[in-house]
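The following exercises concern charged side chains and helix packing. Each task is followed by a solution in steps. Please examine the sequence and the structure before beginning.

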Amino acid sequence: MIGSTRWDAAVNAALAEARETLASAVDAPSGVGVRTGPAAARSGIDIPIGAVVLGPAGEVLGSGHNEREANGDPMAHAEVLAMRRASARRGTWNLSGCTLAVTLEPCPMCAAAAVMAHVERIVFGAWDVKLGACGSVWDIPRDPHMGAHPEVIGGVEEDACRKLLEGFFAAQRPPFTR
């Protein structure tokens with residue numbers, strides 16, 4: 001999405017959270033020369049994805065970045081952690097009236113979790129052509145079989161979100177040699 005939108009600040013807050021993943025990796029003893037996939041799992045380095053949950057008045061209720069590798073928890077996606085923290089702060093699992101902002105289009109698990117938590121809106125930066133579940137590969141929030149149907153806004157601060165991920169993956173690949 002070109003130009004400024006009302007959701008730029010929310011996605012930028014999610015970007016700051018995603019960068020926390022990279023800061024954690026620098027502090028990790030095995031943070032140099034790590035690889036994605038099985039090598040990343042051995043090193044404890046997570047893909048830099050960040051998320052924030054905003055309350056109805058725009059206040060940050062919860063935030064998170066990927067911690068799957070760091071904590072050995074398959075459910076520790078940025079979105080799930082942000083929604084858990086927002087729910088704890090609100091004192092209820094029901095996040096109606098809230099906005100989930102994330103740097104990458106949510107996967108099927110996270111999109112379904114947002115729907116089940118009654119999130120009013122999902123805002124994201126980069127599209128995920130492999131596992132995106134908010135319009136690119138699947139469209140869980142708009143599935144007629146789901147109970148709630150949050151508004152979905154994609155492509156906010158898309159270039160910055162995509163570049164962060166591209167830079168991360170480029171750094172994980174071994175240098176090309178002939």
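**Exercise 1.** Determine whether Arg121 is buried or exposed in this predicted model, and identify the side chains with which Arg121 forms salt bridges.

*Solution.* Step 1. The relative accessibility of Arg121 is 12%. Because buried means under 20% relative accessible area, Arg121 counts as buried.

Step 2. A salt bridge requires a side-chain nitrogen of Lys or Arg within 4 Å of a carboxyl oxygen of Asp or Glu. Arg121 meets Glu120 in such a pair, with an N to O distance of 3.1 Å. Glu120 has a relative accessibility of 37% and therefore counts as partly exposed.

Step 3. Arg121 also pairs with Glu151, where the closest N and O atoms are 2.9 Å apart. This pair links distant parts of the chain: Glu151 belongs to strand β5 (residues 151-153) and Arg121 to strand β4 (residues 121-126), 30 residues apart. Glu151, at a relative accessible area of 40%, is partly exposed.

Step 4. Through shared partners, these salt bridges join Glu120, Arg121 and Glu151 into one network.

**Exercise 2.** Establish which residue forms a salt bridge with Glu67, and where in the chain the two partners lie.

*Solution.* Step 1. The partner of Glu67 is Arg85, and their closest N and O atoms are 3.6 Å apart.

Step 2. Glu67 lies in the loop between β2 (60-65) and α3 (68-71), while Arg85 lies in helix α4 (residues 78-90). The two are 18 residues apart, and the pair links distant parts of the chain.

Step 3. Glu67 has 17% relative accessibility and so counts as buried, whereas Arg85, at 36%, counts as partly exposed.

Step 4. By the same distance rule, the count comes to 6 salt bridges.

**Exercise 3.** Describe how α4 and α5 pack, and state which residues make the contact.

*Solution.* Step 1. The axes of α4 and helix α5 (residues 108-116) are 9 Å apart and form an angle of about 25°. Because angles under 35 degrees count as roughly parallel, α4 is roughly parallel to α5.

Step 2. The crossing of the helices α4 and α5 is left-handed.

Step 3. On the α4 side, the contact is made by Glu79, Val80 and Met83. On the α5 side, Met109, Cys110, Ala113 and Ala114 take part.

Step 4. Sorted by type, the residues of the contact of α4 with α5 comprise 6 nonpolar, no polar and 1 charged.

Notes: Residues are numbered from 1 along each chain as its sequence is written. This is a predicted model: local features need pLDDT of at least 70, side-chain atom pairs count only at pLDDT 80 or more; totals for chains, interfaces and linings use all residues. Side-chain values use heavy atoms; hydrogens and water are left out. Helices (H or I, at least four residues) and strands (E, at least two) are DSSP runs, numbered from the N terminus. Buried means under 20% relative accessible area, exposed over 50%, partly exposed in between (1.4 Å probe, protein chains only). Axes are lines fitted to C-alpha atoms, for helices over the stretch in contact, and angles run from 0 to 180 degrees between N-to-C directions. Angles under 35 degrees count as roughly parallel, over 145 as roughly antiparallel, 65 to 115 as roughly perpendicular and the rest as oblique. A crossing is left-handed if the near helix is turned anticlockwise from the far one by less than a right angle, and right-handed if clockwise. Contact means heavy atoms within 4.5 Å. Ala, Val, Leu, Ile, Met, Phe, Trp, Tyr, Cys and Pro count as nonpolar, Asp, Glu, Lys and Arg as charged, and the others, Gly among them, as polar.
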